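Visitor: Please walk me through this model, one packing contact at a time. I will ask for names and values.

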Amino acid sequence: ATALDLDAVRADFPILGEHVNGQRLVYLDSGATSQKPQAVIDAEVAFLTRANSAVHRGAHTLAAEATELFEDARTTVAGFVGAPPEQLVWTSGATAGLNLAAYAIGNASVGRGAPESARFALRPGDEIVVTEIEHHANLIPWQELATRTGAVLRHIPVHDDGTLDLDAAAGIIGERTRVVAFTHVSNVLGIVNPVTELVALAQSVGAVTVLDACQSAPHLPLDLPALGVDLAVFSGHKMLGPYGVGGLYGRADVLEALPPFLTGGSMITTVTLDEAEYLPPPQRFEAGTQPVSQAIALAAAVRYLDRLGMPAVHAHEKALEARMGEGLRALPGIRLLGDAPDAERVGLWAFDVDGVHAHDVGQFLDARGVAVRVGHHCAQPLHRRFGLTATVRASTSVYNTADDVDVFLDALSGVRSFFGVSA
Ligand code: PMP
């Protein structure tokens, strides 16, 4: 992979010129939300300025133009994850995508909306399998689905080193398993999970797989059809795109057979006062007005990433991750989460500082211009598993430099003495 021209990349992100508390901004919170290049900001503004109109409706020129831009965006964003456009459903984000998946599967149990949906139906005693490391967005919708259907929720445990216990997974995924939902990359551990192995286990028992690709899509080349998952979600605002847009990818036969979640305008063929017939995917899952300007801006974001080249992005962030990991291991009183030797990772480390609360660490770093995330990162069960309530998380994106990592490490090296904790 060709190396990134970091000066040029950084110049594309206007916010990186900002100062925080009188210091150069060192933004290490891209795991929460990424910054946006000018091309993305411009794409949304250009659409709203020159082409804004309702899509899929109306016979006027602007409506046709807006529809074309919107559907081109679908093709671009679907292509970014290796899929044809009809296999990409727009959502408002990953949380919306995961709820869509869980509610659509739940509606299959009711038996309305799609002719082939019986294959997804959950009966009391059927099992939904998640992992111990999930973001709440890929946990609570499944808890709710289990409650509604009488299914049992089970989880694959995590080893002390942050890798999933695949031996346990082989015992947990069995005859009664109907759904296996798991994250590609944990937003706390940064480890790339073995998707192929988990998909193979799920497929061997005919279970539907649901992948949370939120923390992988921005950082590594992603080919969802090649991974073999049935459904997958990602989030625009974490991959240089705007808020309010995300994607749900589905295998063609799976989307075809799933009933809708939200119902209403734009997803129907004919409606009477008593009933309605639904459009095929992806429109079946896109009731109501869609995030049009955001989708168009997300297309600009993935074009930007494609221009850099995802292999180059991944290699760059791997180098930052290695530098950060090495520096963190060298500091006294730091406990890294998920420091598995040889694990494939993205540029993200969460850690505990002995004797200093994560929130104090966050404020201390902020005063030095360094933005990190503190708290449970919407993964309380994972923190509980490691005996913690909160951690500090530093996460990178395409625009971070080795100097960012060094400024962060240098600032962090002073935090324990500042709070009076002896080394
Ligand atoms: N899953 C993971 C792994 C995440 O990191 C996040 C965002 N913190 C989400 C789901 C939720 O994504 P969204 O903000 O798009 O709802």
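Visitor: Which residues in helix 4 meet which residues in helix 5?
Guide: This is a predicted model: local features need pLDDT of at least 70, side-chain atom pairs count only at pLDDT 80 or more, and totals for chains, interfaces and linings use all residues. Residues are numbered from 1 along each chain as its sequence is written. Helices are DSSP runs (H or I, at least four residues), as are strands (E, at least two), numbered from the N terminus. In contact (C-beta atoms, placed from the backbone, within 7 Å) are Leu98, Asn99, Ala102, Ile105, Gly106 and Ser109 of helix 4 with, in helix 5, Pro141, Trp142, Glu144, Leu145, Arg148 and Thr149.

Visitor: Are helix 4 and helix 5 roughly parallel or roughly antiparallel?
Guide: Helix 4 spans residues 94-110 and helix 5 residues 140-149. Their axes (lines fitted to C-alpha atoms over the stretch in contact, angles from 0 to 180 degrees between N-to-C directions) lie 9 Å apart at an angle of about 15 degrees. Under 35 degrees counts as roughly parallel, over 145 as roughly antiparallel, 65 to 115 as roughly perpendicular, the rest as oblique. So helix 4 and helix 5 are roughly parallel.

Visitor: How many nonpolar, polar and charged residues does the contact of helix 4 with helix 5 have?
Guide: Ala, Val, Leu, Ile, Met, Phe, Trp, Tyr, Cys and Pro count as nonpolar, Asp, Glu, Lys and Arg as charged, the others, Gly among them, as polar. Members of the contact include Trp142 and Arg148. The split is 6 nonpolar, 4 polar and 2 charged.

Visitor: How are helix 2 and helix 10 oriented, and why?
Guide: Helix 2 covers residues 38-51 and helix 10 residues 292-308. Their axes come within 8 Å and cross at roughly 150 degrees. That pair is therefore roughly antiparallel.

Visitor: How many nonpolar, polar and charged residues does the contact of helix 2 with helix 10 have?
Guide: Helix 2 brings Ala39, Val40, Ala43, Glu44, Phe47 and Leu48. Helix 10 answers with Ser293, Gln294, Ile296, Ala297, Ala300, Ala301 and Tyr304. The class count is 10 nonpolar, 2 polar and 1 charged.

Visitor: Helix 3 also packs on helix 10. Are helix 3 and helix 10 oblique or roughly parallel?
Guide: Helix 3 runs over residues 61-80. The axes of helix 3 and helix 10 come within 8 Å and cross at roughly 40 degrees. The orientation of helix 3 to helix 10 is therefore oblique.

Visitor: Which residues in helix 10 meet helix 3?
Guide: Helix 3 offers Ala66, Leu69, Phe70, Asp72, Ala73, Thr76, Val77 and Phe80. The contact has 12 nonpolar, 1 polar and 3 charged residues. On the side of helix 10 stand Val292, Ala295, Ile296, Leu298, Ala299, Val302, Arg303 and Asp306.

Visitor: Which element gives the largest share of the side of domain 1 that touches domain 2?
Guide: Domain 1 is 6-30 + 309-418 and domain 2 is 43-305, with 29 Å between their C-alpha centres. Across the boundary, 26 residues of domain 1 contact 23 residues of domain 2. On the domain 1 side, strand 14 (348-353), helix 13 (380-385), strand 17 (391-395) and helix 11 (310-330) each give two or more residues. The largest share, 5 residues, belongs to helix 11.

Visitor: How many nonpolar, polar and charged residues does that side of domain 1 have?
Guide: The side in question is the 26 residues of domain 1 in contact with domain 2. By class they are 14 nonpolar, 6 polar and 6 charged.

Visitor: Where does Pro282 lie?
Guide: Pro282 is joined to Pro281 by a cis peptide bond, with omega about 0 degrees. Its place is the loop between strand 12 (276-278) and helix 10.

Visitor: What is the phi of Asn21?
Guide: Asn21 sits in the loop between strand 1 (19-20) and strand 2 (23-24). Asn21 is not a glycine, yet its phi is positive, about 50 degrees.

Key: Contact = placed C-beta atoms within 7 Å. Domains from an automatic or database assignment.
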